[in-house]
Amino acid sequence: MKKIPVIMDCDPGHDDAIALVLALSSEKLKVLGVTSCSGNQTIEKTTYNARRILELLGKREVPVARGRSCPLLNDGRTAAGAHGETGLDGPVLPEPVAPLREETAVEFMAKLLEESEEKVTLVPTGPLTNIGTLILSYPHLLPKIERICMMGGSVVSGCSDKGASEFNILVDAYAADIVFTSGIPITMMGLDVTNFSTIGYGEEKEAFRNSGHVGKFVAELVDFFGRLFQMIGWPGAPIHDACAVAWLIKPEIFESRDLHVEIDLNGENTYASTVADFHGLSGKAPNATVCLKSDQKQFVELLLDACKSYEREGAVR
Ligand code: BDR
Ligand code: CA
């Protein structure tokens, strides 16, 4: 089977970790590299977490490069409330053995694009700082990007202290604007779909815990990341970032519409929101495939199968 070459750009992060679990187990994807971005925690912490996750998954051969330490124009912000002081509080993780790449994330992405004979899909699951920088710095490489399949935004409702916006876009709205005006095909997994793509707290979570060492890791991630959502009565923990990977593996799980989406950079209460033209009234052509709904059961099944596949592979523990 011909695999889709992807670069995972992430800020692990509990749901980023589950996105990596899914991507690195899929027969449909070839992960060329992992690049870190700052977001859920500082760049030092998210980079260290990415390396620890690869070690746990027995994927030392997958290269990791470190991203920019702050957004393009504004100050950074982290999400310690959701992901803890380490950015990945909860499970115990092994120390990484594989060295970090010497290039920056953006240099490394450019190198991978240059060297690849096929077009490459970028899968950002954190703020879009690295991707925005790549687009500005290496415009000649844009034709080598097949698609940006990202987690971020929401076209119906937001979920951050800036009411209408979503965390990844809010952290670096200018980078998001560069991405959405780049002309590169985009798949957008916003909160509209990811908030409902959950692992339930009861039987569902326990099925992961009992499925092997990677499933246990996922259950422990959900134990920590899910506690806030459980407190507010949600039936499960939203596994936002894994949705972007799931769309590449099994797009039929999702319902989507092609829409024109713009980033609001001026609004007082709507700053960093992803404004979608649902009725085509702007006259502007769609720039994103916006996912609006998922089949939660199939999503969980895909994640659980991914966890089980590591046991078959006999990954390092
Ligand atoms: C996004 O914000 C982060 O906290 C998660 O990792 C996810 O990428 C959801 O709004
Ligand atoms: Ca993330």
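**Close-up views of a predicted model**

**View 1. Pairing of strands β1 and β2 in the predicted model.** Seven bridges join strand β1 (residues 4-10) to strand β2 (residues 29-36), and the two run in the parallel sense. Valine 6 has valine 31 of β2 as its bridge partner.

**View 2. The open sheet of nine strands.** The strand order is β3-β2-β1-β4-β5-β6-β11-β9-β10, with mixed pairing. The edges are occupied by β3 (64-65) and β10 (274-277); each has a single partner strand, so one side of each is left without a neighbour in the sheet.

**View 3. Helix α7 across the sheet strands β5, β6, β9 and β11.** Helix α7 (residues 173-180) lies across β5 (145-151), β6 (186-189), β9 (254-263) and β11 (288-294). Relative to β9, the helix runs at about 110°.

**View 4. Packing of helix α1 with helix α11.** The axes of α1 (residues 14-23) and α11 (residues 240-249) are 6 Å apart and form an angle of about 20°, which makes α1 roughly parallel to α11. From α1, Asp15, Asp16, Ile18, Ala19, Leu22 and Ala23 meet His240, Asp241, Ala242, Val245, Ala246 and Ile249 of α11. By class, this contact comprises eight nonpolar, one polar and three charged residues.

**View 5. Surroundings of ligand 1.** The residues around the ligand are Asp15, Asp16, Asn40, His83, Thr125, Met151, Glu166, Phe167, Asn168, Leu191, His240 and Asp241. An N or O atom in the side chain of aspartate 15 is 2.6 Å from an oxygen atom of ligand 1. The corresponding distance to an oxygen atom of ligand 1 is 2.9 Å for the side chain of histidine 83 and 3.0 Å for that of asparagine 168.

Note on methods. Residues are numbered from 1 along each chain as its sequence is written. Chains are lettered from A and ligands numbered from 1 in the order in which they are written. This is a predicted model: local features need pLDDT of at least 70, side-chain atom pairs count only at pLDDT 80 or more; totals for chains, interfaces and linings use all residues. Side-chain values use heavy atoms; hydrogens and water are left out. Axes are lines fitted to C-alpha atoms, for helices over the stretch in contact, and angles run from 0 to 180 degrees between N-to-C directions. Helices (H or I, at least four residues) and strands (E, at least two) are DSSP runs, numbered from the N terminus. Angles under 35 degrees count as roughly parallel, over 145 as roughly antiparallel, 65 to 115 as roughly perpendicular and the rest as oblique. Contact means heavy atoms within 4.5 Å. Ala, Val, Leu, Ile, Met, Phe, Trp, Tyr, Cys and Pro count as nonpolar, Asp, Glu, Lys and Arg as charged, and the others, Gly among them, as polar. Two strands pair if DSSP finds at least two bridges between them. A residue is near a molecule or strand if one of its heavy atoms lies within 4 Å of it. A polar contact is a pair of N or O atoms within 3.5 Å; within protein, one must be able to donate a hydrogen and the other to accept it, and residues adjacent in sequence count only if both atoms are side-chain atoms.
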